[in-house]
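The exercises below are to be worked with the sequence and the model open side by side. Each task is followed by a solution in steps.

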Amino acid sequence: MRPITLPLALLFSITLLVAGCSGIMTKPQPRGVPVFEVVGVSYIPSEDGKTALVRARGLTTTEGWTDPKLAPREKPTVHGVYEFDMIAVPPTGPTAEVLTGLNAGYLLQKPPKDLRGIRVFSQKNSKEFMVE
């Protein structure tokens, strides 16, 4: 019985190890869902040009949304326009149905030389800010 128990225990340990590591190998997904609408986008480069702040203002259809973020899209840029999704975590309980504003930002490290604009998407629309 011992020869069977050891291989089974080893197989079980390897299975747990592989299952536990699967999260390490996948890229973590941003938490949240797209907000209802984007109403404004801005791009603010630092004075030294090493960073830039991308900001967006959006609306949700209910109160209680939290953790607003700008999540970069993984697809390549089109003509130098970098794309983001404006996401937030919806409320879990009952809330008032009222348009509610949210602000989100993303610090862009080493803005690319080919950057010509920023586009932010929501459920309803997208807004662009073209860099001069």
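The chain is a predicted model, and all values in the solutions are computed from it.

**Exercise 1. Overall layout**

Task: State how many helices and strands the chain has, and give the pattern they follow along the sequence.

Solution. Step 1: count the elements; the chain has 1 helix and 8 strands. Step 2: read along the sequence, where the pattern is α-β-β-β-β-β-β-β-β. Step 3: add the figures for the whole chain. Of its 132 residues, 26% are buried. The accessible surface is about 9,200 Å², and carbon and sulfur atoms contribute 61% of that area. Among contacts with a separation of 6 or more, 68% join residues 24 or more positions apart.

**Exercise 2. The open sheet**

Task: Find the open sheet of 3 strands, give the strand order, and name the edge strands.

Solution. Step 1: the order is β2-β3-β6, and the pairing is antiparallel. Step 2: look for strands that pair on one side only; these are β2 (37-45) and β6 (100-109), the edge strands. Step 3: neighbouring strands of this sheet are turned against each other by 15° on average, with direction ignored. Step 4: take the pairing of β3 (residues 51-60) with β6, which is antiparallel and has 10 bridges. Within this pairing, A52 faces L108 of β6.

**Exercise 3. A residue of β3**

Task: Classify R55 as buried, partly exposed or exposed, and list what it touches beyond its sequence neighbours.

Solution. Step 1: R55 belongs to strand β3. Step 2: partly exposed covers the range between 20% and 50% relative accessible area. R55 has 44% relative accessibility, so it is partly exposed. Step 3: with neighbours within four places in sequence left aside, R55 is in contact with G40, V41, S42, I44, L70, A104 and G105. Step 4: for one of these, A104, check the separation: 49 residues in sequence, but 5.8 Å between the C-alpha atoms of A104 and R55.

**Exercise 4. The partners of β5**

Task: Determine how many residues of β5 are buried, then work out which strands pair with β5 and in which sense.

Solution. Step 1: β5 spans residues 81-89, and 7 of its 9 residues are buried, which leaves the strand mostly covered. Step 2: β1 (residues 33-34) pairs with β5 over 2 bridges in the antiparallel sense. The bridge partner of P34 in β5 is I87. Step 3: β4 (residues 66-72) is also antiparallel to β5, with 5 bridges. There T66 stands opposite V89. Step 4: β7 (residues 117-121) runs parallel to β5 and is joined to it by 5 bridges. V81 has G117 of β7 as its bridge partner.

**Exercise 5. Positive phi angles**

Task: Examine the backbone angle phi at H79 and at K110, and give the location and exposure of each residue.

Solution. Step 1: recall the usual sign. Most residues other than glycine have a negative phi. Step 2: H79 is not a glycine, yet its phi is positive, about 55°. K110 likewise has a positive phi, near 50°. Step 3: locate them. H79 is in the loop between β4 and β5, and K110 is in the loop between β6 and β7. Step 4: apply the cut-off for exposed, over 50% relative accessible area. H79 reaches 66% and therefore counts as exposed. K110 has a relative accessible area of 70% and is therefore exposed too.

**Exercise 6. The stretch from β7 to β8**

Task: Describe the setting of K124, then find the charge that lies over the face of F121.

Solution. Step 1: K124 is in the loop between β7 and β8 (126-130). Step 2: its relative accessible area is 53%, so K124 is exposed. Step 3: apart from neighbours within four places in sequence, K124 is in contact with F36 and E37. Step 4: K124 and F36 are separated by 88 residues in sequence, while their C-alpha atoms are 5.8 Å apart. Step 5: turn to F121. R73 lies over the face of its ring, 3.8 Å from the ring centre.

Terms used. Residues are numbered from 1 along each chain as its sequence is written. This is a predicted model: local features need pLDDT of at least 70, side-chain atom pairs count only at pLDDT 80 or more; totals for chains, interfaces and linings use all residues. Side-chain values use heavy atoms; hydrogens and water are left out. Helices (H or I, at least four residues) and strands (E, at least two) are DSSP runs, numbered from the N terminus. Buried means under 20% relative accessible area, exposed over 50%, partly exposed in between (1.4 Å probe, protein chains only). Contact means heavy atoms within 4.5 Å. Accessible areas come from the Shrake-Rupley method with a 1.4 Å probe; for residues, only the protein chains shown count as cover. Two strands pair if DSSP finds at least two bridges between them. Axes are lines fitted to C-alpha atoms, for helices over the stretch in contact, and angles run from 0 to 180 degrees between N-to-C directions. A charge sits over a ring if NZ of Lys or CZ of Arg is within 6 Å of the ring centre and within 35 degrees of the ring normal.
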